[in-house]
Amino acid sequence: MAAPLIAPSILSADFARLGEEVRAIDAAGADWIHIDVMDGHFVPNITIGPGVVKALRPHSAKPFDVHLMVSPVDSYLEAFASAGADIITVHPEAGPHVHRTVQAIRALGKKAGIALNPATPAKTLDYLIDEIDLVLVMSVNPGFGGQSFITNQLRKIEAVRKMIDKSGRAIHLQVDGGIDVTTAPQCSNAGADVLVAGTASFKGGSGCYSANIAALKGTD
Ligand code: DX5
Ligand code: ZN
């Protein structure tokens, strides 16, 4: 089995030095840069907006994987697309017409992702699977880093993997929340190919980043 792609979440980076941190995690082997956008309404926490994404764009050529924990979300899509997002992932609960939201992301020329919260069933994807480029299975309730992995989401990862394989489309299966050296292989074995890790990527400071990423990939 191929090593998973690792998308470090900058939520766990030093917010006082975000540009430097993005450069460091890129150089340490990050495949994507996961950017958690939180509005204090859809989730209890507030993080960053499109202006910060724009400021970070010159610091890495790696895909900017923007996870919008924002509602209503449609009116922000263009701003994040122009700021430099490559992938824009939204939650179905973040607006009344998620199919239209996916169409809007793709009309902006970006890859569209759908994030499933722990209680959101895989069947939510039934009429979206042919329109999307990524499924994000949340293995924590969104809003904060450093939470514990919700083990019953492994069953959902397996179910989504079956849906993706049946679709015949090249859709990434990403998992986000509580990913560490124990849960990473469990998610890969269940069918994930991209893993988001905040705490596990950034722990120990920049001198540890490449070892952290190698450990998550299982290539250390
Ligand atoms: C939570 C975010 C996750 C989080 C992961 O709402 O979507 O990306 O930052 O953090 P860790 O890896 O620390 O669980
Ligand atoms: Zn995230």
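Helices and strands here are DSSP runs, numbered from the N terminus. The model on screen is predicted.

**Stop 1: Ser-9**

Select Ser-9. This residue lies in the loop that links strand 1 (5-8) to helix 1 (18-27). Is Ser-9 buried or exposed? Its relative accessible area is 5%. Buried means under 20%, so Ser-9 is buried.

Now add Ile-164 to the selection. Ser-9 and Ile-164 are 155 residues apart along the chain, and their C-alpha atoms are separated by 24 Å.

**Stop 2: the ligand**

Select ligand 1. Ligand 1 sits in the largest pocket. Show its surroundings: 20 residues make up the neighbourhood. The closest are Asp-36, Gly-143, Asp-176, Gly-198 and Thr-199.

Colour that shell by residue class. Ten of its residues are polar, eight are nonpolar and two are charged.

Next, colour by secondary structure. Which strands each supply at least two residues of the shell? They are strand 2 (33-38), strand 3 (64-69) and strand 8 (194-197). Strand 2 gives the largest share, with three residues.

**Stop 3: contacts of ligand 1**

Zoom in on the oxygen atoms of ligand 1. Start at Asp-176. An N or O atom in the Asp-176 side chain is 2.5 Å from a ligand oxygen.

Move to Gly-198. Here the partner is a polar backbone atom, at 2.7 Å from an oxygen of ligand 1. Then pick Gly-146. A polar backbone atom of Gly-146 is 2.8 Å from an oxygen of ligand 1.

Switch on the surface. Ligand 1 taken alone exposes 380 Å², and the protein buries 99% of that.

**Stop 4: Ser-71 and Pro-72**

Select Ser-71 and Pro-72. What kind of peptide bond joins them? The bond is cis, with omega at about -10 degrees. Most peptide bonds are trans. Pro-72 is placed in the loop between strand 3 and helix 3 (77-83). Strand 3 was also met at the previous ligand stop, where it supplies at least two residues of the shell.

**Stop 5: Lys-123**

Finish at Lys-123. Find this lysine in the loop between strand 5 (111-116) and strand 6 (134-138). Its relative accessibility is 59%. Exposed means over 50%, so Lys-123 counts as exposed.

Add Ala-159 to the view. Lys-123 and Ala-159 are 36 residues apart along the chain. Their C-alpha atoms are separated by 9.1 Å.

Notes: Residues numbered from 1 in each chain as written. Chains lettered and ligands numbered in written order. Predicted model: local features only at pLDDT ≥ 70, side-chain atom pairs only at ≥ 80, totals over all residues. Heavy atoms only, no water. Near = heavy atom within 4 Å. Polar contact = N/O pair within 3.5 Å; in protein donor to acceptor, adjacent residues only side chain to side chain. Areas by Shrake-Rupley, 256 points an atom, 1.4 Å probe, with all protein chains shown as cover. 1 Å grid on protein atoms, 1.4 Å probe; cavity = no way out; pocket = protein on both sides within 12 Å on 5 of 7 lines; lining within 4 Å. Sits in = over half its atoms within 2 Å of the grid points. Helix = DSSP H or I, 4+ residues; strand = E, 2+ residues; numbered from the N terminus. Nonpolar A, V, L, I, M, F, W, Y, C, P; charged D, E, K, R; others polar. Buried < 20%, exposed > 50% of the residue type's maximum accessible area, 1.4 Å probe, protein only.
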